[in-house]
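Here are my comments on the structure you sent over. Have it open while you read, and click along as we go.

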Amino acid sequence: MFVLFEESGAFKAGTILADNDSSLQVETSHGKRVKLKSSHVLMRFREPSPGDLLSRAEADAEELDTAFLWEVCSDDEFAFDEFAADYHGHAPNAVESAAILLRLHSAPTYFHRKGRGRFRKAPAEILQAALAGLEKKRQQAEAIERLRVELVEGHLPGEIAGMLPQLLYRPDRNRIETKAFEAACVDTGLSAPRLLLKCGALASSYDFHYNRFLFEHFEEGTAFPPFAPPVDPTDLPRADVAAFSIDDATTTEIDDAFSVTPREGGGWRIGIHIAAPALGFARGSELDAIARRRLSTVYMPGNKITMMPDAAVETFTLAAGRECPALSLYLDVTAALAIQRHETRIDRVPIVANLRHHDLEPVFNEQTLHDHSETPDFQWKRELTLLWDLASILEAGRGKAENSPNQVDYSFYVDWQKETADGAGYVTISPRKRGSPLDKLVAEMMILANSTWGKLLDEAEVPGLYRVQSGGKVRMSTTAGPHDGLGVDCYAWSSSPLRRYVDLVNQWQLISVLREEAPAFAPKSAELMAALRDFDVTYTAYADFQRQMERYWCLRWLRQHPEGTSFDGKVLRDNLVRLDTIPLMIKVPSLPVLLPGTRVRVSIESSDLLDVDIHARYVATLAEPDPAEAADSMFEGN
């Protein structure tokens, strides 16, 4: 005698070895012996053999029409063997009964299990809903397969093209497009951005990094919403000065300018003039909402995203040939450059020149300032020299003279009209010594203005946004506090209102003090604190992105050179090397144990613009360091 039973969700057949009424000893067709409760037996039979039963029943079950079985079965609960008898119209044999059981069991959509071998047909409305769901899944599976095949073949389906940012940066794994895309990545062995590059969806690796930043911080795009144009105040007193700005060649948001005017009886009246967009629109306006949302201009090599629309920038930027509204700090200084008094005014300032670093630095640098016999004559020489002398006195007065005179900054210029193997954009990276006379001149004037105006707000008991440093940590605050790093009692960013929202806020506050009006942000303003927190987070994110893109363009610069080109650098620590010609630190696994400061030559083996990674090989040691340089190098690498 043989039995059919269910074990672990599968049907099995076997030979009865012992029948003890309540339990059975059974040997399966595979030779395994099991003990069964009699109640677990679904069917007893004498033929065919256990192995033949299941194979024949499975074949017969495939021939049965599930929908027809559902139509003819009873609405009440039933046993499979009873239904088999009704279906066949005679007492079914073992194979016929088993085939019915297997078909009922394999169609849970049509038949709900109610116990061992017992079923009940699904209600019509539930069945229709379930079948609709199955059909939807079938269609989705077909769509996924179609999209996957197209992607693997290097074609970009239209459904995928419309949701690239979501696929790359925030995939929704419940969508069929994402399932198809991830399946294609697995099949091709390519990462998501590499697959999209293969399909032509990304023009270059630059698009991948730039679009990710936009997706995270500018989901609505970089276009500005509609706004009421700013007011250009024309009723301001005209300053009797000839002001000039000093900026990089690519600067369009010109925030600051300077003037040097002789005073009767000797000495000078020096003006620090800051663009005044706060005069053109009020807090709560559409332009304020735009600036509040962006909080800062975003800088990156070859591109930038401005905080304010071009129309607002053009109205207030300190462009040459115009009289521009400004918040001006005037310093009355003696012939020996001692500051006797200062005054803050709101006025219109004639801008007569926009000076650029690349024009000034060849004729105004440390060498020309210290070797007067070789100092060439040029326009603005007297004014710049006077401002530099004053800046040197201010720096010494703060007790914060430049401690790293040999450090170098770098300027990135990207020619987007030039194509390379990595896409549009040919990058040029130019070194520029940090702390040059022009840098010191501008920095000291801005420190003086920001600290003076911070004190003005504090003394008027009007809240502002301050940079505070104590214990080596820099933080933002709505109350004045010392900035140890700069050596000033307080420091309120106020000199870049076209580019930073905190400067714009402080300018509104300063104007309210000067005009004796209610401040835009009252004391203990929750909105002011919220602006502080949001700016701090956003400004940090923007700075991180700028650093990431500078590293990216450094790799692009390396790849513009022939393969196998070697570059010189300096060991900072362990296997970390800083290259000489560009601001890039790389790890060189093959570097031998060398002292920090050792000069070496390395060869670039490969680089990855998507992962922004580089593989370099040690070539040679060029020079050993002196002890002082070794200590400095260890500090730079931290």
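The points below cover a helix, some paired strands and two cysteines.

1. Before anything else, keep in mind that this is a predicted model.

2. Let's start with helix 16, which runs over residues 437–459. How far apart should its ends be? With 23 residues at 1.5 Å a residue, helix 16 should span 33 Å, and its end C-alpha atoms are indeed 33 Å apart, so the two agree.

3. Is helix 16 mostly covered or mostly uncovered? Mostly covered: 17 of its 23 residues are buried. After the helix comes Glu 461, which has a positive phi, near 60°.

4. Now look at strand 20, residues 566–573. It pairs with strand 23 (residues 599–608) over five bridges, in the antiparallel sense. To find the spot, look for Lys 570, which sits opposite Arg 599 of strand 23.

5. Strand 20 also pairs with strand 21 (residues 576–579), again antiparallel, this time over four bridges. Here Val 571 has Val 577 in strand 21 as its bridge partner. Strands 20 and 21 form a hairpin with two residues between them, and Asp 574 in that hairpin takes a positive phi near 50°.

6. How many disulfides does the structure hold? Zero. Cys 185 is in none, and the nearest cysteine sulfur, in Cys 199, lies 9.0 Å away. Why is there no bond for Cys 199? Because its closest cysteine sulfur, that of Cys 185, is 9.0 Å off, which is too far; a disulfide here needs the sulfurs within 2.5 Å.

7. One last thing on these cysteines: Cys 185 is buried, at 12% relative accessible area. Cys 199 counts as buried too, with 12% relative accessibility, because the cut-off is under 20%.

Terms used
Residues are numbered from 1 along each chain as its sequence is written. This is a predicted model: local features need pLDDT of at least 70, side-chain atom pairs count only at pLDDT 80 or more; totals for chains, interfaces and linings use all residues. Side-chain values use heavy atoms; hydrogens and water are left out. The expected span of a helix is 1.5 Å times one less than its number of residues. Buried means under 20% relative accessible area, exposed over 50%, partly exposed in between (1.4 Å probe, protein chains only). Two strands pair if DSSP finds at least two bridges between them.
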